[in-house]
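Here are some short questions on a sheet and a core. Please keep the model open as you read.

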Amino acid sequence: MTALIGARSRRCMSCVLHGRQRGNALLVSMIMLLLVLLLAVVGMRVATLEARIAANMVDSQRLYETADGTLREGERKLLEHAVALKPCNGAGTPVAEGSGIPCSVSDVRTDSIGLGTDFRTTKAKAAGFQKPDGYWYPRYITTACPKSGSATSALDAPATGCTDFYEVNAQATEKSQAQACGADALCLRSSVNMFIK
């Protein structure tokens, strides 16, 4: 009889131990599941952030390529004719129409905007760019003419072959019209020296 009681008590003891072990296993598995879920959420947030960064880099590169292409178009239009540019007739005058000779928007040395840019008045829309759009305009800098080699060269009139210097400003924007340079528009600038025939 004692042997029977001892066997039952051992069996009940193992039942109690197994019950506790099953509860611990459930707790450990819930903690592991929570950690895996936390890692998955962090992984998804990192992937989303990287996708946003990549999209912003692509947009920035598109704006830069458009602004650079627009700048090159403006330079090419200036150098195509190799004649001194006349000043534009006012704020509404297009800088370049079709294949015509462009006009100079202002003189850099006397312009009230100084080293700034102003795409809101007179500009040319670059051909071949859509969303982002490109705009450009030239400004006159100065003219340099060689003097003759005589002893009175300071009094002589300039010889042939003067060089005009122009500043070309270009911008790319996703907006439907030209914007001020900044958050809505990427702007680039170059200078062109043009040998006048």
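Q: Which residue in strand 3 does tyrosine 135 stand opposite?
A: This is a predicted model, where local features need pLDDT of at least 70, side-chain atom pairs count only at pLDDT 80 or more, and totals for chains, interfaces and linings use all residues. Residues are numbered from 1 along each chain as its sequence is written, and side-chain values use heavy atoms, without hydrogens and water. Strands here are DSSP runs (E, at least two residues), numbered from the N terminus, and helices are H or I runs of at least four. The residue opposite tyrosine 135 in strand 3 is glutamine 171.

Q: How many bridges join strand 2 to strand 3?
A: Two strands pair if DSSP finds at least two bridges between them. Strands 2 and 3 run antiparallel, and the bridges joining them number eleven.

Q: Which strands stand at the edges of the sheet?
A: The sheet is open, with four strands in the order 1-2-3-4 and antiparallel pairing. Each edge strand has a single partner, so one side of it is left without a neighbour in the sheet. The edges are strand 1 (124–125) and strand 4.

Q: Is threonine 163 buried or exposed?
A: Threonine 163 lies in strand 3. Buried means under 20% relative accessible area, exposed over 50%, and partly exposed in between (1.4 Å probe, protein chains only). At 17%, threonine 163 is buried.

Q: Which strand supplies the largest share of the largest nonpolar core?
A: Such a core joins buried Ala, Val, Leu, Ile, Met, Phe, Trp, Tyr and Cys residues through side-chain atoms within 4.5 Å. This one has 18 residues; Val95 and Trp136 are among those touching the most other members. The largest share, four residues, comes from strand 2.
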